[in-house]
Each structure stands twice: as C-alpha cells, then as structure tokens.
Amino acid sequence: MTLPGMTLPGMTLAEALQATRVCDADATPYQAALACGFTPLHLETYFHAYLQALDSRRKVQVRTGLFGDLIGNVERLDDGLHAAAIVIEWSDLDPRLGFRQLAGWKPSQLSRIAADLEARLRQLEAAIRGAAAKFPVTVALPSLPLPPAFHTINAKTHRTSLDMRAAIANFTVRVADAGVRVVNVEGLAADRYDLKSDLLTGFPYTQAHARGLGRLLASALASPAPKKGLITDLDDTLWSGIVGEIGPAALSWDLDRRTQIHGLYQQMLDSLSEQGVLIAAASKNDPAAVDQAFRERTDLLIDPERVYPREIGWGPKSESVARILQVWNIATDAVVFIDDSPLEVAEVQRVFPQMQCAVFPKSDPAAALSLFYRLRDWFGKDQIEADDAIRASSIRRAGELQQATTAGAAGQEEFLRGLEAEITFSVNPPASETRILELVNKTNQFNLNGVRYDDATWRRMQSQEGAITLGVSYRDKFGPLGTIAVLHGRASGGRIHVETWVMSCRAFSRRIEHQTLRFLAEQWGVTRFDFAFAVTAKNGPLQALLAELSGAAPTGGTITLSAAEFRKRCPELAHRVLIKEAEAVAR
Amino acid sequence: MSAPAAEINARLTRCFAVVFPDLSPDRIPLASQPDVPGWDSVAAITLLTVVEEEFGIKIDLELLPDLDSFAALSEHLSRQ
C-alpha cells in the first residue's frame, strides 16, 4: 500500500549516491541542513539524494552538525540555508533513553527522566522556532522504540512513558503552529533500529528506515507544486453501476451493496474540491441519464455544482479531456485523470503523456486506498486559503463571461465597462500570505520567465533595497476571483526591474495586467520598465502582451518599455482600484 | 584469474566507482584506505553497505578495519 510521502521511487544506497551528483548544468546552489544527534551516515545520503531528485534545477549541498549535540546543531543553523531537516530521537532528549551511554535505568530515575525531557523539549522548541523564522524547517519526531527502561512488562505502557509521549505531542503541536512541517512516520518500515550499527558507528537506523525517513524529510521540504485539477469517469468510478442501463436510482456507493469504495472516492473528491482542486467528469454516456443522476441523487457525497465541466458523450475520452482542459485553461501536467477502464486510461495517457493517469481499482479496496493516499500526495498543500474555495466557481464564471462576451451584441469595450470590476493591489504583502509564492510557483502561461523560488530565497528577495511586491486581487459583478496575480521587482531612479510577474489564467481578458503596469507607473513614478523576460514552453500569453505593448515579438533577455510607450498603447481601463496597506509603499 | 573472481572484481569496481567517483578506473584495483582521498570511516561504512547491496550479502561491521583495500574486499567476497 502506498502511504504518505511514498510516491518517490525507492533507491539503493548506490543509486542514492549517484542521484546526489545529478543536476542541470546551470543548477543553482541549494544549501540544506540535516540536524540530528547521531552519525547521519546513510540518512544524509538518502535525504540529499531525494532532495536532489525532486528538482534537478538546483545543486543540493547538505550540511550536518556535531555528534551528540542536537540542540546545539539546531541553534547553529545559519541564515544562508534554504531549508533544514531536524531529526529527533529519544536519546537526544535524555541519554538514558539511548543505548550508547550507561546512565542507568533505575525505577527511581524515571520521574527525573520525564521532567528533564520536558525541559529539553522547551530548549529544542526555542531553537527550532528561531530556525523556522528564517527558512522552511521539517521535523521528524522519535521514530525508534524506547529502551526497556521501564519496570512494567512490555505489554503494558508505563505511566512515565505516557507522560513522555504526551510531552512530545504537545511539543509537536507548538512547533507545527510555528509553521514547522512535521513529517508523518506512520508508513515507515517496522524494522527501524540497528543496535549493532548504533554501538559501532553511532548510526542507529536500518537501511530501510534511513531510506524511508530521508525520502519523507525531502518530500516534506520540497514537495512538487500541487496538481490543480482532477478529471473523473462516472460509471463504476464515481459510482457503482452503469447509469444508462440501470438508471440513477440503482447506482450505489454504500456498505450494503458492497460499493463503499465509490462513496469513499466521492468523499475524497469532495474534500479535494473544497481545498480548491478543480473536478470535472469525462464519461461515455447518455447526457440525459447523467444529468438525471446528478439531479435526482441528492445523496451524492460531492456537490454536483463542483463537478464542472461535465463532458458526456460517445467520442474518445481524450477529446472530452481536451475540451475540459480548454475550459479550465491549465497545463496537462497539472491534471490527474481517473477511470476504471485501463483502456480509457491508456488512450488518454497516449494523447496527454504529461498527465497523471490512474486506473480506479473498483474491485480492489487495498489498491483503492493506495490511490486515495496518492491523491493526497498529488494535491496536498500546507494551507488552504480563501482563494482556494472560490477557484471552481470562478472557473465556471469565466466560462459564462466568455459566453457573454461572444454572444452579446455590445462590443468588448462596452462589456468590460459593464463588469463593475474592482482591483485591489496589496503592496508588499507579508511572507505569511502563502498564496503569493504559491501563485508564482505554479503559474505557467502568464509567467514572465518561469523562474520558481523556494521560501527562503523569496523572503530574501522581499528584503532587498527597493523591492516591490504586488499581490493583485480581482472581483466583478460575477463575483470574486481572489488573489490572481503577483508582480515582484526592484525600483530605482524612476525605473523598475520586474523580476517576477505571473497571473492566473482565470483572470485573462480583463486587462488586469495593464492596470498593474499603470498602477506601478503612477504610484512609483516609474518612467521605464525593464522586464526580466525569458521564453518558456508555455508563456505564450505573456509573450503576446509584451508584443502588444512594445510593438515587437519578444525574444529572451531584458525587455525595456517606457511608461510613455505603455500609455500610448494601453487600452481603456474601467476598473476601480483599491490599495491595501498603502502606507507600506516604499518609494 | 578465474571467471568468478573476474566477475567479483568487475562488480566491486562498480561499487568503488560509486563511492569514490574521483578515483580513476585504472587505480581502483590498487585502492587502499591510506591512498584514497576521502576514504574515511563514513566512506568505509558507505562502501561496505554498497557492496552488501551489490552482492546481496551481509558483512559484519566488526570486519570493517580489515576490509581496507580493494584486494582485501575482493578476497573476502571470494570466500563467501
């Protein structure tokens, strides 16, 4: 069964050593730390290898610390790091809980051990908080068993060990609240401890445990951008049964008819939808029967409104998928396709090789559970923002808007004027607004150069002299789109060097990009824009804008545009503009 | 050299190449701990583990001090 963080491939130690050396020729340095109190040995190798394998555009280097000094190692983590993994074992909290020191396991010592552990955890928490304020930090809690230091039989849990575990649990909640990513070690190998290795080398883990933990730590620090949409089949996937044959009333997803797995799948899609994942249906079916099922089966566990669009017909699945992608306007590699038919999955995969396609294992509950865990890894995100909840409805509205534009007798200008559009510029939003960096790192089409940033680098960029970051939110009479664009640059002497500029495809055709440049020109007195532009495989919309404003198709490198030139070519803008935290504007 | 010994040495050479990427292939058969930069205690354990993986065997960590050259490892493997 696939458990959390386990979607990365397994590696032998030899493969891991080789993986540590594979990166792009122009990879940028990425400094990570592994802080632990034991000899890091193979854990370091696997952590390094998986971090490197997750992104070949960076050249990972891993620093470690001193043996037997976990807290000191955490306290010494410096500002130059991009990320840190901290691995705690019982012996780091009290040497009597390890096997390398002979400090006594007398019953009379037990209460002292618990009290000392609480104090050590407080000290460790302070050090971890200090590190987490500077760069992303992940923590692994004790994963090895406690020693036989307690006077009860092994079948019983001693009260002191319960107190210790409670202290660890409280510590975990506190550091998680401080933004630390706590890894989930539940799925790791049962055979974790190697006493001989611990005694002879100071490395306490079995190979399997080192590999599993290294993989989890790397995944927690550098998980790839979450996917954005899921396209599902209906018959024998979203529900059990063929709706065109048995009718909506006979469809099932419950224990009584042994079709609970479909109910769990609906529940999973409902959950994903609420966290902002787009859900659509592609089904070879009778459209009327499907409409009837969505209308009449009010016990569906996913709101039918959240399944948009629904492509129902008898053509190839790949054509349905293509139409859905057109409505969503997102890249194929950001989409997952699920169908119970291996044939359909293969057909879609052939047409969209970048898409993550998977068979829904309707007759194999264990495989279905693995799929559910994989869905979490594909779509998982640390926080759910208000924008996530409105993404699906704004996609639907974008479709309606497109229809209104083309169907209306009035021209485009009149239509835009009638939108009652409102743009809010959030100037230099705080680093805690995770939506900003998330948008930068997942937007492909309207993207100035395709450069992605890790948390630590992004935070450093915000503190550079003259740095300006704009978070752009939009709403109109059709409703809010939320935060849909980000621009980051550095202003100096009437010029602004724009390093990052992205906009969600949901916000196209509203002239938000023009209003953004006008806002910069007016607020900062900008007379010249220098765009750090690069051609990417997907940034056609951005290229089109630069061509429109500069009068020439852009090639790579810095594109210069004078404010006068911009004003000359800027179309009519009918937005109402609001500024959030205007007092933070640094001129 | 017998065929099994040649095969052992070829596989052992791959292990050395993975752990010591800067060691040229012609120097690997002559490699010994004092002469190879970076062959410290951590590299020694790493080499032993890579050899265990390659040959599907378990090597007692207590033998580590004695397995300090290509020749010593080759001889140990040929006795398995």
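Tutor: A definition to start: two strands count as paired when DSSP finds at least two bridges between them. Keep in mind that this is a predicted model.

Student: In which sense do β11 and β13 of chain A pair, and over how many bridges?
Tutor: Take strand β11(A), residues 422–427, and set β13(A) beside it. One partnership between them links Glu422(A) to Arg475(A) in β13(A). The pairing is antiparallel, over 6 bridges.

Student: How many bridges join β13(A) to β14(A)?
Tutor: These two strands are joined by a hairpin, through 2 residues. Tyr474(A) has Gly482(A) in β14(A) as its bridge partner. The strands run antiparallel, and the number of bridges joining them is 10.

Student: Is strand β13 of chain A enclosed or open, and how many of its residues are buried?
Tutor: β13(A) covers residues 467–476, which makes 10 residues to check. A residue is buried when its relative accessible area is under 20%. β13(A) is largely enclosed by the rest of the structure, because its buried residues number 8 of the 10.

Student: Is Ala491(A) buried, partly exposed or exposed?
Tutor: Ala491(A) sits in strand β14(A), residues 479–492. Beyond four places in sequence, it touches Gly466(A), Ile468(A), Ile496(A) and Trp524(A). Buried needs a value under 20%, and exposed one over 50%. Ala491(A) has a relative accessible area of 24%, so it is partly exposed.

Student: What distance separates the C-alpha atoms of Ala491(A) and Ala103(A)?
Tutor: Along the chain, Ala491(A) and Ala103(A) are 388 residues apart. In space, their C-alpha atoms are separated by 61 Å.

Student: Which strands are the edge strands of the open sheet of 5 strands in chain A?
Tutor: Read the order of that open sheet: β2-β1-β3-β4-β5 of chain A, with parallel pairing. An edge strand of this sheet pairs on one side only. That gives β2(A) and β5(A).

Student: Which residue of β2(A) stands opposite Pro29(A)?
Tutor: β1(A) and β2(A) pair in the parallel sense, over 6 bridges. Opposite Pro29(A) in β2(A) stands Lys59(A).

Student: How many residues of α8(A) are buried?
Tutor: Helix α8(A) runs over residues 207–222 and reaches 22 Å from its first C-alpha to its last, close to the 22 Å expected. Its buried residues include His209(A), Leu213(A), Arg215(A) and Leu217(A). α8(A) is mostly covered, and of its 16 residues the buried ones number 12.

Student: Which elements do the buried residues of α8(A) pack against?
Tutor: Start with the helix α2(A), which is one of these partners. The others are strands of chain A, among them β1 (28–35) and β3 (83–87). The full set is α2(A), β1(A), β2(A), β3(A), β4(A) and β5(A).

Student: Is Glu125(A) buried or exposed?
Tutor: Glu125(A) lies in helix α5(A), residues 110–132. Leaving aside neighbours within four places in sequence, its contacts are Phe171(A), Arg174(A) and Val175(A). Its relative accessible area is 7%, so Glu125(A) is buried.

Student: Which element supplies the largest share of the lining of the second largest pocket?
Tutor: This pocket has a volume of about 710 Å³. Its 26 lining residues include Val19(B), which is among those nearest the centre, as are Leu17(A), Thr20(A), Arg21(A) and Thr45(A). At least two lining residues each come from α2(A), β2(A) and α2(B). The largest share, 5 residues, comes from α2(A).

Student: How many residues of that pocket's lining are nonpolar, polar and charged?
Tutor: The second largest pocket has 26 residues in its lining. By class, the nonpolar, polar and charged counts are 13, 8 and 5.

Student: Which element gives the largest share of the lining of the largest cavity?
Tutor: The structure has 4 cavities of 30 Å³ or more, and the largest holds about 190 Å³ of space. Of its 18 lining residues, Lys228(A), Ile330(A), Lys442(A), Ser504(A) and Cys505(A) lie nearest the centre. Two elements, α15 (386–407) and α17 (434–442) of chain A, give two or more residues to the lining. The largest share, 3 residues, belongs to α17(A).

Definitions and conventions
Residues are numbered from 1 along each chain as its sequence is written. Chains are lettered from A and ligands numbered from 1 in the order in which they are written. This is a predicted model: local features need pLDDT of at least 70, side-chain atom pairs count only at pLDDT 80 or more; totals for chains, interfaces and linings use all residues. Side-chain values use heavy atoms; hydrogens and water are left out. On a 1 Å grid over the protein atoms alone, a cavity is a set of points where a 1.4 Å probe fits but cannot get out, and a pocket is an open set with protein on both sides within 12 Å along at least five of seven lines; lining residues have an atom within 4 Å of a point. Grid points are joined across faces, edges and corners, and a volume is the space filled by probe spheres set on the points. Helices (H or I, at least four residues) and strands (E, at least two) are DSSP runs, numbered from the N terminus. Ala, Val, Leu, Ile, Met, Phe, Trp, Tyr, Cys and Pro count as nonpolar, Asp, Glu, Lys and Arg as charged, and the others, Gly among them, as polar. The expected span of a helix is 1.5 Å times one less than its number of residues. Buried means under 20% relative accessible area, exposed over 50%, partly exposed in between (1.4 Å probe, protein chains only). Contact means heavy atoms within 4.5 Å.
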